[in-house]
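Here's a quick briefing on how two chains meet, with a look at the cysteines afterwards. Have the structure open as you read.

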Number of protein chains: 2
Amino acid sequence: MAAPSSNTCGLTERSIRERVPPLLTDLYQVTMAYAYWRTGRHQEPAVFELFFRNNPFGGGFTLFAGMQDCLLFLRSFHFTDEDVEFLRSVLPPATDPAFFQFLRGLDCSGVTLRAIPEGTVVFARVPLMEVAGPLAVVQLLETSLLCLVNYASLVCSNAARFRLAAGPKRKLLELGLRRAQGPDGGLTASRYTHIGGFDFTSNVQAGFQYGVPVAGTMAHSYVTSFTSLEEVLPKTLVAVNGDSTPVDIILLTKGWLSRVCELLGSQPGKIHEGELAAFLSYAIAYPQNFLPVIDSFSVSCGLLNFCAVALALCELDYKPLGVRLDSGDLCRQSLEVRRVFRLCSKHFSVSAFDSLTIVGTNNITEQSMAELNEKENEIDVVGVGTHLVTCTQQPSLGCVYKLVEVRASPRMKISEDPEKSTVPGRKAVYRLIDAEGHAFLDLVCLVAEAPPEAGVSLSCYPLSCDTSCVSVIPAQVICLRQDMFTKGRVTQPLCSATETRAKVQSSLQTLHPRHKRLQEPDSYTVALSEKLHTLVTEIREGSSNNSNFLLAN
Amino acid sequence: MAAPSSNTCGLTERSIRERVPPLLTDLYQVTMAYAYWRTGRHQEPAVFELFFRNNPFGGGFTLFAGMQDCLLFLRSFHFTDEDVEFLRSVLPPATDPAFFQFLRGLDCSGVTLRAIPEGTVVFARVPLMEVAGPLAVVQLLETSLLCLVNYASLVCSNAARFRLAAGPKRKLLELGLRRAQGPDGGLTASRYTHIGGFDFTSNVQAGFQYGVPVAGTMAHSYVTSFTSLEEVLPKTLVAVNGDSTPVDIILLTKGWLSRVCELLGSQPGKIHEGELAAFLSYAIAYPQNFLPVIDSFSVSCGLLNFCAVALALCELDYKPLGVRLDSGDLCRQSLEVRRVFRLCSKHFSVSAFDSLTIVGTNNITEQSMAELNEKENEIDVVGVGTHLVTCTQQPSLGCVYKLVEVRASPRMKISEDPEKSTVPGRKAVYRLIDAEGHAFLDLVCLVAEAPPEAGVSLSCYPLSCDTSCVSVIPAQVICLRQDMFTKGRVTQPLCSATETRAKVQSSLQTLHPRHKRLQEPDSYTVALSEKLHTLVTEIREGSSNNSNFLLAN
C-alpha cells in the first residue's frame with residue numbers, strides 16, 4: 001500500500017529528500033561501499049539490525065519513533081548527478097569510474113525493512129528494525145536511519161515521561177522551538193513530543209505540517225510595549241448577544257478595576273497602566289480568547305488588571321480563557337490566583353470565573369513537573385520548552401546498527417565488553433503478555449523458529465543474566481515486527497501524528513506501573529530463545545577455537 | 001552587497017526558506033502581531049535586542065554564530081498564500097480578514113539589523129544583535145532568530161572548548177551526525193563545529209553544502225562482514241612505480257605477517273582471518289589511503305594484520321596512512337601501537353611507518369580530551385561525536401530577544417530578579433583592548449554617545465556590581481557591531497565556513513588565557529557607560545514612583 005498524501009501525515013517525498021539527502025551520511029559508508037564494490041561483494045545479501053543498549057533517562061522503557069521518516073527516506077533514496085560528482089571529488093583519484101555509475105543507479109528496490117510499529121513501547125537490546133538487502137546499499141543507509149530514529153525516539157520518550165509525571169488530566173504545551181538544535185530539530189521536537197503525549201505546541205509550522213494543535217497568546221514584550229491607555233484602539237467593543245451598540249470597554253474596565261481593588265483590599269497605586277492597556281488591547285482583538293501573561297511586573301498587579309478586563313468582557317457576554325504565570329513559585333501563585341477567581345465568581349456572580357485556565361511556564365523540568373502532583377496547586381496547563389526538547393537529562397539515545405547476517409550466514413561482533421557483543425542471525429521478536437494483560441517479556445527468536453504459543457510453557461535466556469534459563473507461560477503472544485518496506489514500496493499505511501499518539505498511550509497501558517516508574521523502575525525482561533542462545537554460544541566458542549589463521553597456507 | 005552564490009558559502013535563499021519558513025515560529029508571535037495591527041500599532045518603530053545571560057558550560061566566553069542564516073532568513077521572509085490560509089484556520093474566526101492581507105504583503109524591507117560579526121568571541125549580557133523595524137514585523141522574527149542563533153552559537157562554543165582542550169596540533173574530527181537532533185541538527189553541528197575549530201567532519205553533506213573537509217574510512221561492520229581470504233578480490237595489486245605486473249598481494253601479506261609475528265613474538269593463532277581479509281580488500285581498493293579500524297576483535301590482533309598489509313603496501317611503494325582505535329584505553333593503546341610502528345620501521349627499514357597516523361574515537365568528552373594533554377599518548381587525530389553535537393554538559397544556550405525601544409522611547413523590563421531586568425534604549429557596543437592586545441572590557445553605551453577613545457580614561461559601571469563605578473584607559477577601541485541588513489538587503493559579504501573559522505581563532509587570540517580557562521575562568525567585564533547607567537537608574541526609579549494609574553481618571 002502506498003503512502004497517503006501529505007494531507008494526512010505531513011510527510012512528503014520531497015520534504016524528506018530535502019531533509020535527508022543521501023549525502024547526509026558518514027563518509028565511511030561511501031568508502032566502505034566502494035571497497036565492497038571493488039571486491040565484488042556489494043550485491044551479497046546482508047542484514048543489519050537497529051537497536052539501543054540502554055533506556056534513556058535511567059528509565060524502564062523507550063518509545064520507538066522516527067519509523068515513517070525512515071520509510072520515506074528509503075523510498076526516495078537515490079544519488080543525483082550532483083551528489084555523485086561531489087563524491088568523485090572526495091574519493092581518491094584512483095577510484096574506478098564505474099563505481100560512480102553504480103552509485104548513480106542505486107535505489108532501495110532491493111531493500112526489505114521489518115520493524116516494530118512507530119509509537120510502541122520498546123526496550124534495550126530488542127532489535128527494533130531489520131534492514132535486509134544488498135550489502136553496499138544497506139551499509140549506505142546506516143547513518144541516515146540512525147539519525148532519523150535516535151532523536152525522534154529520545155524526545156518522544158522524554159515527552160512520555162513528562163506526561164507520566166504530569167498525570168493524565170493536566171494539559172501539556174510544548175514550547176521549545178527557540179532552544180532546539182536549529183529549525184528542523186525544533187520541528188522534529190514538536191512532532192514527536194505531541195506523539196509522546198503533549199497536547200499542544202507553540203510551533204505553528206508543526207501545526208501546518210503535522211496537524212499538531214497549536215497554542216499561544218502573548219509574551220512579556222507585548223505588555224512592555226504599552227505605556228498608556230491612549231494606545232488602546234479601538235476603545236469600544238460590541239456585546240456578544242446585545243444590540244450592536246459599541247460599549248466603551250475602557251470605561252467599563254476602569255469601573256471593574258475599582259470594584260476588584262475594593263474586593264481584594266488592593267491599592268490602586270499598584271496598578272501598571274501600560275499592562276492594563278496591553279490587556280485591554282488584547283481583549284479587544286481577542287474577546288473570546290483572552291489569556292494574558294500576568295507577571296510582567298508582579299502577579300498581584302497583573303491579576304488585578306486581568307480580573308478587571310475579564311469582568312468587563314463577561315459583562316458583554318464574552319468568556320475569558322485564563323492567565324499565564326511565567327516566573328517564581330508557580331504552585332503558590334496559582335493557589336492565590338484561583339482564590340481570587342473564586343472570590344470574584346462568588347462576589348460578582350460571574351460563573352465564567354469558575355472555569356478559568358491557569359497556565360504555568362517557567363523552566364519546567366521532569367522533576368518540577370512531578371512535584372506538581374505532590375504540592376498543592378491550581379495549574380491546568382503546563383508549558384515546557386528547553387528541558388523537553390534538548391532532553392537535558394540525557395541529550396542522546398545511543399541507537400546502533402549492526403551486521404547480523406551475510407549470505408545467509410550469521411555474523412556476530414564479539415567484544416570483551418559483553419554488552420557490546422551483538423546477537424547474530426535474522427530474528428523474530430515476540431512480546432509475551434501475562435494474564436492481567438501486562439507485557440512481561442520480549443522474546444528474541446531466530447526467524448525460522450515456530451512462534452511461542454499462548455498457554456504453552458517456554459524456556460528462554462534473559463539477556464541480563466547470561467547463562468541461566470527461565471520458564472514462562474504467556475497468556476498472549478504478540479508478534480512485534482511487521483513488514484514495512486519491500487521492493488521499493490512502503491507496505492504499511494502511514495499514520496498521522498494524532499494516530500501514532502494514540503498508539504503510544506495504548507502501548508504504555510500494557511506496561512505494568514513498576515516498569516513505568518520514573519525513578520528506579522523494575523527492569524523489563526528481554527530474553528533469547530533457546531535456539532538463539534545456542535547459536536550465540538556456538539559462535540562464541542567457534543570464535544575462540546577456529547579463528548586462527550594458518551600462516552603455513 | 002548581495003550574498004555570493006551558494007558555491008562560496010553554501011547558503012541559498014531557497015534552502016533557508018525550506019529550513020526556516022515564516023510559520024516556524026511560536027503562535028504567540030502571530031497572535032501578538034494581530035493585536036498590534038488591531039490597535040493600529042503594527043507600524044510603530046520598535047527595537048529588539050538579542051543576548052544571552054550566561055556563558056555556556058561554566059566557561060568564560062561564547063562564540064557568536066548563526067548570523068548568516070539570520071540574514072538570509074530576513075531576506076527571504078514572507079508569508080505565502082498557503083501560510084496565510086493556515087494562519088486563518090488557527091486564529092479565531094472573528095479575526096479581521098484585512099489582517100491576512102497585511103500578512104501576505106509583509107517582508108523585511110523595513111527592518112534594519114546591526115550585529116557583532118559571526119565568529120566573534122562574545123560575553124553574557126552584551127547585545128549581540130539589534131533588530132529595528134515595524135513593531136509587528138520585528139516581533140514576528142523573534143523565534144526564528146533565536147532558533148538560528150542559539151544552537152549554532154552553543155555548538156560552535158563547544159567545539160572551541162574541545163579545540164582548546166586538545167591543543168593546537170592535534171587534528172579534530174566531528175562525527176556526531178547519528179546522535180544529533182535529526183538531519184538538519186546534524187548538518188548545523190557539522191558546519192558550526194568546523195567554524196569552532198574542528199578540522200574535519202564525517203558528514204558528507206556538510207562537505208557538499210559548506211565545504212567542510214570530510215574524512216572517514218571504515219566501520220567494524222566492514223571487518224565483521226569478512227570471514228575468509230577467499231572473499232578478497234582482486235587478489236593482486238600493481239606496484240606504484242614498477243612495471244604493470246600484478247603482484248599477489250595476499251601472498252605478499254602472508255609473508256609479512258610471518259615476519260611481523262616473529263619480530264613481535266606473537267602467536268600466529270591470534271590472527272583473525274576475516275579481519276585480515278577485510279584489511280586486504282580495503283587496501284586493494286585504497287592502496288594510498290589505507291587506515292583501518294583495528295580493534296574489532298582485539299588491538300593486538302588488528303595491529304598485526306595492519307602491519308602485515310601496510311608492509312606489503314610499502315613494498316609496492318604505496319604509503320599507508322595509519323589506524324583507528326575505537327574502544328578501551330586509547331592512550332595506553334596508542335603508545336603500544338606507536339612502539340610497534342617504530343619497531344617495524346627500524347627492523348624492516350620502512351620510513352613510512354615513522355609517520356603513520358593514530359586516530360582515536362571512543363565516546364570522547366571535553367574532559368577526556370583535556371586528559372590527552374596530561375597523559376602520555378600518541379594520538380594524532382581525535383574523533384568526537386555525541387558529546388560535541390549534543391553539548392551534553394549544557395544542551396541549550398538561553399538567548400533571549402527583548403524589546404528596548406518603541407517610538408524612540410526606551411523600554412525596560414524590570415524584574416525582581418536583577419539578572420532578568422533588561423537594559424533599555426538603542427546602544428553601541430565597544431570592545432576595549434589593553435596595551436598587550438588583550439580584550440579586557442566590553443562597553444555598552446547609548447547609540448547617541450561619542451565612542452570611547454584610545455588612551456583616554458573613561459568611567460563605567462560593570463554589570464556584575466550594580467552600583468560601583470570603575471575607570472579604565474583602553475589602548476585600543478573596537479566598535480563591535482556592524483550594519484548587516486538594511487532595506488531588505490544584506491549589507492556585508494557572506495563568509496564561507498573556512499573564513500568564519502579563521503575569524504574564530506583570531507578572535508580567541510585577543511582573549512587573555514585567564515578568560516579561556518575551561519574550568520573556573522576569570523569572568524570578563526561587561527560594563528554600562530555612565531549615561532546608560534543613568535538611564536537605567538532613572539527608569540527604575542520612575543517605575544516605582546510613576547507607574548501608578550489613577551483610578552479617578
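Putting chain B and chain A together buries about 9800 Å², and carbon and sulfur atoms give 60% of that area. Keep in mind that this is a predicted model. On the contact count, 112 residues of chain B touch 114 residues of chain A.

**Polar and charged links across the interface**
- The rule picks out six salt bridges between chain B and chain A.
- One of them pairs Arg407(B) with Glu231(A), with the closest N and O atoms 2.5 Å apart.
- Polar contacts across the interface of chain B and chain A come to 43 residue pairs, both residues being at pLDDT 80 or more.

**What chain B brings to the contact**
- Helix H3 of chain B, residues 27-38, supplies the largest share of the side that touches chain A, with 10 residues.
- Sorted by class, that side of chain B has 56 nonpolar, 36 polar and 20 charged residues.

**Cysteines**
- Over all chains, the structure has zero disulfides.
- Why is Cys331(B) without a bond? Its closest cysteine sulfur, in Cys307(B), is 20 Å away, which is too far; a disulfide here calls for sulfur atoms within 2.5 Å.
- Cys331(B) is also buried, at a relative accessible area of 6%.
- Cys479(B) can't bond either, because the closest cysteine sulfur, in Cys445(B), is 9.5 Å from its own.
- As for exposure, Cys479(B) is partly exposed, with a relative accessible area of 41%.

Notes:
Residues are numbered from 1 along each chain as its sequence is written. Chains are lettered from A and ligands numbered from 1 in the order in which they are written. This is a predicted model: local features need pLDDT of at least 70, side-chain atom pairs count only at pLDDT 80 or more; totals for chains, interfaces and linings use all residues. Side-chain values use heavy atoms; hydrogens and water are left out. Contact means heavy atoms within 4.5 Å. Buried area is the accessible area (1.4 Å probe) that two parts lose on being put together, summed over both. A salt bridge is a side-chain nitrogen of Lys or Arg within 4 Å of a carboxyl oxygen of Asp or Glu. A polar contact is a pair of N or O atoms within 3.5 Å; within protein, one must be able to donate a hydrogen and the other to accept it, and residues adjacent in sequence count only if both atoms are side-chain atoms. Helices (H or I, at least four residues) and strands (E, at least two) are DSSP runs, numbered from the N terminus. Ala, Val, Leu, Ile, Met, Phe, Trp, Tyr, Cys and Pro count as nonpolar, Asp, Glu, Lys and Arg as charged, and the others, Gly among them, as polar. Buried means under 20% relative accessible area, exposed over 50%, partly exposed in between (1.4 Å probe, protein chains only).
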